[in-house]
Amino acid sequence: MLVMARRRIKAADGNHAVAAVRAALAQGLQADSALMATAVRYLLEELAEVAPGNSVEVRVPPLGATQCIEGPRHTRGTPPNVVEMQPEVWFALATGQMQWADAVAGAYVIASGVRADISEVLPLTS
């Protein structure tokens, strides 16, 4: 049985944060840190909903992490499939402003494990 993570950010708040960060970045401005944090966390929640499971852990330190992708579940220690990146990179990947292959090739993403390629579920929004 697959259990969905409980949402903590309301869709309206998450969508507002994503739109505000996108608008700031489009103007060449630095996004408000509170809005970026909300947008990143909301997009992690979206990932868990779009690709439920526990075989891959996506980490965006220091803002959040989620588990996703169906497959073998890990229960102790470091999971065998880990994806880690900076908040700005996660935002760009999740919103389609950066492609997975480019992020990996540019070393913006650290991905380890046979299931760590999450390109099939990205972008989450366009």
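Begin by selecting helix α3, which lies across β1, β3 and β4 and runs at about 110° to β3. The model on display is a predicted one. Colouring by confidence is a useful preliminary: the mean pLDDT of the protein is 91, and 91% of its residues reach 70 or more. Among the elements, helix α3 (residues 87-94) has the highest mean pLDDT, 98, whereas β2 has the lowest, 94. Where pLDDT is low, the predicted coordinates should not be read in detail.

**The sheet**

Next, select the strands. They form an open sheet of four, in the order β2-β1-β3-β4, with mixed pairing. Because β2 and β4 stand at the edges, each with a single partner strand, one side of each has no neighbour in the sheet. From one strand to the next, the twist averages 10°.

Restrict the view to β1 and β2, which pair in the antiparallel sense over five bridges. One position to pick out is V56, whose bridge partner in β2 is C68. Now add α2: this helix packs on the sheet, where it touches β1 and β2, and its direction makes about 10° with that of β2.

Remain with strand β1 and select E57, a residue of that strand. Is E57 buried or exposed? Its relative accessible area is 15%, under the 20% limit, so E57 counts as buried. Display Q67 as well: a polar contact of 3.4 Å joins the side chains of E57 and Q67.

**The nonpolar core**

Proceed to the largest nonpolar core, which has 36 residues; V58, M85, W90 and I118 touch the most other members. Two or more residues are given to this core by each of α1 (11-26), α2 (33-50), β1, β3, α3 and α4. Which element supplies the largest share? That element is α2, with eight residues.

Centre the view on I118. Apart from neighbours within four places in sequence, I118 is in contact with V56, V58, I69, W90 and W100. V56 was met above as the bridge partner of C68, and I69 is the subject of the next stop.

**Backbone exceptions**

Most residues other than glycine have a negative phi, and most peptide bonds are trans. The remaining stops depart from these tendencies.

Select I69, in the loop between β2 and β3 (82-85). Although I69 is not a glycine, its phi is positive, at about 70°. Its relative accessibility is 18%, so I69 counts as buried.

Move to A107, found in the loop between α4 (100-105) and β4. Phi of A107 is near 60°, again a positive value in a residue other than glycine. Is A107 buried or exposed? With a relative accessibility of 61%, A107 counts as exposed.

Two peptide bonds complete the tour.

- Select P61 and P62, which are joined by a cis peptide bond with omega of about 0°. P62 has its place in the loop between β1 (56-60) and β2 (64-68), the two strands that pair in the antiparallel sense.
- Select L122 and P123, where a cis peptide bond also has omega of about 0°. P123 lies in the segment after β4 (109-112), and β4 is one of the edge strands of the sheet.

Methods:
Residues are numbered from 1 along each chain as its sequence is written. This is a predicted model: local features need pLDDT of at least 70, side-chain atom pairs count only at pLDDT 80 or more; totals for chains, interfaces and linings use all residues. Side-chain values use heavy atoms; hydrogens and water are left out. Buried means under 20% relative accessible area, exposed over 50%, partly exposed in between (1.4 Å probe, protein chains only). pLDDT is the predictor's confidence in each residue, from 0 to 100. A polar contact is a pair of N or O atoms within 3.5 Å; within protein, one must be able to donate a hydrogen and the other to accept it, and residues adjacent in sequence count only if both atoms are side-chain atoms. A nonpolar core is a set of buried Ala, Val, Leu, Ile, Met, Phe, Trp, Tyr and Cys residues joined through side-chain atoms within 4.5 Å. Contact means heavy atoms within 4.5 Å. Two strands pair if DSSP finds at least two bridges between them. Axes are lines fitted to C-alpha atoms, for helices over the stretch in contact, and angles run from 0 to 180 degrees between N-to-C directions.
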